[in-house]
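Please look at the sequence and the model shown below before reading on. The report then takes up the DNA strands, the spaces within the protein and one pair of packed helices in turn.

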Protein chains: 2
Amino acid sequence: MDTALDRAVRVFRERGYHATSIGDLTAAMRLATGSIYKAFRDKHAVFLAAFERYTALRQEQTRSAAGRGRNGRERIRNVLLSYVAQSQGREGRRGCLVVGSAVELSAVDPAVAARVGAQLKTNEDFIAGLIREGQADGSIPIHVAADDTARLMICITQGLRVVGKARLPLDGDRLVGVAMKLLA
Amino acid sequence: MDTALDRAVRVFRERGYHATSIGDLTAAMRLATGSIYKAFRDKHAVFLAAFERYTALRQEQTRSAAGRGRNGRERIRNVLLSYVAQSQGREGRRGCLVVGSAVELSAVDPAVAARVGAQLKTNEDFIAGLIREGQADGSIPIHVAADDTARLMICITQGLRVVGKARLPLDGDRLVGVAMKLLA
DNA sequence: GATAATAGGGAATGGTTGTTTCCTAATAAA
DNA sequence: TTTATTAGGAAACAACCATTCCCTATTATC
């Protein structure tokens with residue numbers, strides 16, 4: 001069932017919610033119409049489940065990228081580099097479910113809006129935490145405004161997904177090199 | 001006819017392409033079905049026309065914001081502030097057609113993808129130009145990498161629209177204050 | 001003033017959508 | 001082995017979609 005959900009995630013990422021028909025889902029999930037409706041109340045429920053699976057997976061990836069840094073500054077650099085990598089090439093064209101949901105649904109779908117908002121807040125808090133870590137371990141100056149900088153970095157990461165979907169090439173080292181000035 | 005297009009822009013921004021039905025368009029544009037199809041080949045053509053009208057209007061606003069600065073650095077600050085303002089409140093929730101098109105359509109619609117790419121490139125070139133202006137007038141250090149910084153700023157502006165659509169509050173002065181570090 | 005041409009409106013249409021229903025095959029319980 | 005229960009699949013259904021067609025005013029032309 002989880003592998004079917006993974007396939008649903010993929011279709012929703014590529015096409016978005018409205019452009020994905022139940023027919024697309026049956027083909028992608030390799031489940032018949034009736035089977036999908038036995039497992040989920042409706043298309044919306046499939047989407048919500050896919051959304052949650054996607055965010056759980058992505059969160060894991062981000063934490064793991066952060067884990068590969070020796071101090072706060074390096075952890076943030078790795079997180080940003082990981083975002084650029086995710087936003088590029090085929091994976092980038094596939095898109096981000098959080099960004100897609102925010103743009104396509106959060107204005108008209110309260111359930112989705114709540115989840116999108118929560119996810120952004122979680123990510124922002126995580127980055128703010130890393131900044132404070134860096135200030136504690138001496139790798140980031142204390143005068144850096146943790147919350148504002150974290151929010152701006154969220155904008156950068158979300159913007160990367162938009163730009164990546166539009167197929168603009170992204171050079172991770174150079175882009176992140178510039179972005180790290182925010183921690184000066 | 002242009003005022004009808006403006007109304008179409010509004011609906012497409014709020015709901016996106018797929019979730020906007022011809023019925024929605026007739027209601028918004030105050031035109032009957034037949035009239036729309038007499039003026040445009042199909043729904044896709046309406047969208048393309050709306051997209052072009054939107055980008056023309058936005059471009060004008062951005063140039064005008066830049067015009068209110070006395071040197072390169074101030075022009076960029078004003079452009080960023082204008083983006084934050086546009087991404088906030090009701091206008092922010094209404095969303096950006098460029099971001100929306102990039103996320104919802106550019107993967108499956110070459111015509112839209114080309115327009116989105118061109119628009120992003122135009123904006124990026126504009127910002128890069130402002131950076132070079134600033135370097136010429138002495139308000140921005142010469143060691144700033146104009147192209148990389150411009151691309152990162154595009155990510156910030158596009159990300160602002162995503163975050164704004166998700167209803168997160170944005171403090172223009174503080175956010176832009178942090179972002180201006182990129183020009184240090 | 002009569003006629004041609006056109007802009008606009010609304011009903012009809014074929015296709016597609018999300019959802020339900022019913023049937024079949026497999027598994028678990030007795 | 002037989003029965004109860006469940007997971008999965010395909011066809012049926014009503015609602016809605018984008019699009020076409022045809023009709024009615026209105027404008028422009030002669």
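## The surface near DNA strand D

The residues of the surface near DNA strand D divide into 4 nonpolar, 5 polar and 3 charged, where Ala, Val, Leu, Ile, Met, Phe, Trp, Tyr, Cys and Pro count as nonpolar, Asp, Glu, Lys and Arg as charged, and the others, Gly among them, as polar. This is a predicted model, in which local features need pLDDT of at least 70 and side-chain atom pairs count only at pLDDT 80 or more, whereas totals for chains, interfaces and linings use all residues. Residues are numbered from 1 along each chain as its sequence is written, chains are lettered from A and ligands numbered from 1 in the order in which they are written, and side-chain values use heavy atoms, with hydrogens and water left out.

A residue is near a strand if one of its heavy atoms lies within 4 Å of it, and the residues that surround DNA strand D are L31(A), A32(A), G34(A), S35(A), K38(A), T20(B), S21(B), I22(B), T33(B), Y37(B), D42(B) and K43(B). Among the atoms of this strand within 4 Å of the protein, 56% belong to sugar or phosphate, and the rest belong to bases. A polar contact is a pair of N or O atoms within 3.5 Å; within protein, one must be able to donate a hydrogen and the other to accept it, and residues adjacent in sequence count only if both atoms are side-chain atoms. A polar backbone atom of G34(A) is 3.4 Å from a base nitrogen of DNA strand D, while a polar side-chain atom of S35(A) lies 3.3 Å from a phosphate oxygen of the strand. A polar backbone atom of T20(B) is likewise 3.3 Å from a phosphate oxygen of DNA strand D. Two or more residues of this surface come from helix 3 of chain A and from helix 3 of chain B, and helix 3 of chain A gives the largest share, 3 residues. Helices (H or I, at least four residues) and strands (E, at least two) are DSSP runs, numbered from the N terminus.

## The surface near DNA strand C

Which residues surround DNA strand C? They are T20(A), S21(A), I22(A), T33(A), Y37(A), D42(A), K43(A), L31(B), A32(B), G34(B), S35(B) and K38(B). Helix 3 (33-39) of chain A and helix 3 (33-39) of chain B each supply at least two residues of this surface, and helix 3 of chain B gives the most, with 3 residues.

An N or O atom in the side chain of K43(A) is 2.7 Å from a phosphate oxygen of DNA strand C, and the side chain of S35(B) has an N or O atom 3.0 Å from a phosphate oxygen of the strand. K38(B) reaches a base instead, with a polar side-chain atom 2.8 Å from a base oxygen of DNA strand C.

## The largest pocket

A pocket is found on a 1 Å grid over the protein atoms alone, as an open set with protein on both sides within 12 Å along at least five of seven lines, whereas a cavity is a set of points where a 1.4 Å probe fits but cannot get out; lining residues have an atom within 4 Å of a point. Grid points are joined across faces, edges and corners, and a volume is the space filled by probe spheres set on the points.

The largest pocket holds about 230 Å³ of space, and its lining consists of D6(B), V9(B), R10(B), R13(B), R53(B), Y54(B), L57(B), R58(B), Q61(B), Q86(B), E91(B) and R94(B). Two or more of these residues come from each of helix 1 (2-15), helix 4 (43-67) and helix 6 (89-94) of chain B, with the largest share, 5 residues, from helix 4 of chain B. The lining of this pocket divides into 3 nonpolar, 2 polar and 7 charged residues.

## The largest cavity

The structure holds 8 cavities of 30 Å³ or more, and the largest cavity has a volume of about 170 Å³. Of the 20 residues that line the largest cavity, R13(A), C96(A), G100(A), K165(A) and V103(B) lie nearest its centre. Helix 7 of chain A provides the largest share of this lining, 6 residues, and the lining divides into 8 nonpolar, 4 polar and 8 charged residues.

## Two packed helices

Helix 5 (residues 72-86) and helix 8 (residues 110-137) of chain A pack at an angle of about 150 degrees, with their axes 7 Å apart. Axes are lines fitted to C-alpha atoms, for helices over the stretch in contact, and angles run from 0 to 180 degrees between N-to-C directions; contact means heavy atoms within 4.5 Å.
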